[in-house]
Amino acid sequence: RAAAALALGEAGDPAAVDPLMKALDTGATDRDAIDMDRRIAEALGALRAKEAVQKLGQLTTFPDGFVQVAAVDALGMIGDPAAVETLTVVAMDPQGEPFTSKKATLALGRIGDPKSMPVILKLMFISRGGVSFFPEAAFAASQIGPSMIPPLLAVLQGRDAEL
């Protein structure tokens with residue numbers, strides 16, 4: 001089933017979106033079903049399935065880290081601003097896996113919605129357990145582009161008291 005989901009994503013036919021979403025097993029506990037969920041998330045991202053944003057958002061809290069990362073990456077690939085809130089929670093989660101938080105930061109940059117600017121700016125100065133988020137946050141800021149210049153200048157000029 002995982003291989004079929006992967007192939008459907010690679011085929012690029014939007015008609016596969018609804019069957020893929022129906023096949024998701026958000027309560028999966030066996031390895032085969034978990035792997036299928038990961039591949040479905042990847043396929044939905046490859047298909048740029050905006051209708052899957054809510055389901056993928058649910059997968060960002062899935063117990064399996066590989067499924068979480070696949071869901072985060074898919075949300076970034078889809079590029080729908082509706083995913084910004086979910087990705088912000090993942091990126092800023094102090095208990096979250098740093099790798100997943102970094103992937104969420106990159107997804108926020110890829111989406112490029114101005115609502116994510118404050119969190120991306122904060123992530124430039126955050127580290128957890130010795131892991132810096134600066135490289136991903138700086139890249140995300142560059143993806144957002146010119147609208148990031150004023151908040152970055154405020155930090156540079158000492159006008160941002162928090163940062």
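## Surface and charge

In this predicted model, the protein chain exposes about 8200 Å², and carbon and sulfur atoms supply 57% of that area. The chain carries 15 positive and 20 negative charges, and the mean positions of the two sets lie 4 Å apart. Turning from the surface to the interior, buried residues account for 45% of the 163 residues in the protein chain.

## Overall fold and dimensions

The secondary structure of the protein chain consists of 10 helices and two strands. Followed along the sequence, these elements come in the order α-α-α-α-α-α-α-α-β-β-α-α, with the two strands standing next to each other in that pattern and two helices coming after them.

The C-alpha atoms fill a box of roughly 55 × 30 × 20 Å when this is taken along the principal axes. A compact globule of 163 residues would have a radius of gyration near 15 Å, and the 17 Å of the protein chain agrees with that expectation. Among contacts between residues at least 6 apart in sequence, 65% join residues that are at least 24 apart.

## Helix 7 and its packing

Helix 7 covers residues 98-111, and its 14 residues reach 20 Å from the first C-alpha to the last, which is close to the 20 Å expected at 1.5 Å a residue. Its buried residues are T100, S101, K102, A104, T105, A107, L108, G109 and I111, a list that includes the lysine K102 as well as the leucine L108. These buried residues pack against several helices, namely helix 5 (65-78), helix 6 (84-92), helix 8 (117-123) and helix 9 (134-144), and also against strand 1 (127-128) and strand 2 (131-132).

P98 belongs to helix 7, and, when residues up to four places away in sequence are not counted, P98 touches R128, V131 and F133. P98 and G129 are 31 residues apart in sequence, while their C-alpha atoms are 8.6 Å apart in space. After the other end of the helix comes G112, a glycine whose phi is positive, near 75°.

## Helix 9 seen from two residues

Two residues of helix 9, E136 and I144, show how this helix meets other parts of the chain. E136 has a relative accessible area of 15%, and it counts as buried because that value is under the 20% cut-off. Leaving aside neighbours within four places in sequence, E136 is in contact with K102, T105 and L106; of these partners, K102 and T105 are among the buried residues of helix 7.

I144 is likewise buried, at 11% relative accessibility. Not counting residues up to four places away in sequence, I144 touches G109, G112, D113, S116, M117 and I120. Of these partners, G109 is one of the buried residues of helix 7, whereas G112 is the glycine with positive phi that follows helix 7. The C-alpha atoms of I144 and A82, which are 62 residues apart along the chain, are separated by 16 Å.

## A positive phi at R48

R48 lies in the loop between helix 3 (31-46) and helix 4 (53-59). Its phi is near 55°, a positive value in a residue other than glycine. At 42% relative accessibility, R48 counts as partly exposed, since that figure falls between the 20% limit for buried residues and the 50% limit for exposed ones.

Methods. Residues are numbered from 1 along each chain as its sequence is written. This is a predicted model: local features need pLDDT of at least 70, side-chain atom pairs count only at pLDDT 80 or more; totals for chains, interfaces and linings use all residues. Side-chain values use heavy atoms; hydrogens and water are left out. Helices (H or I, at least four residues) and strands (E, at least two) are DSSP runs, numbered from the N terminus. The radius of gyration is taken over C-alpha atoms; the globule rule is 2.2 Å times the number of residues to the power 0.38. Buried means under 20% relative accessible area, exposed over 50%, partly exposed in between (1.4 Å probe, protein chains only). Contact means heavy atoms within 4.5 Å. Accessible areas come from the Shrake-Rupley method with a 1.4 Å probe; for residues, only the protein chains shown count as cover. Lys and Arg count as positive and Asp and Glu as negative; His and the chain ends are not counted. The place of a charge is taken as NZ of Lys, CZ of Arg, CG of Asp or CD of Glu. The expected span of a helix is 1.5 Å times one less than its number of residues.
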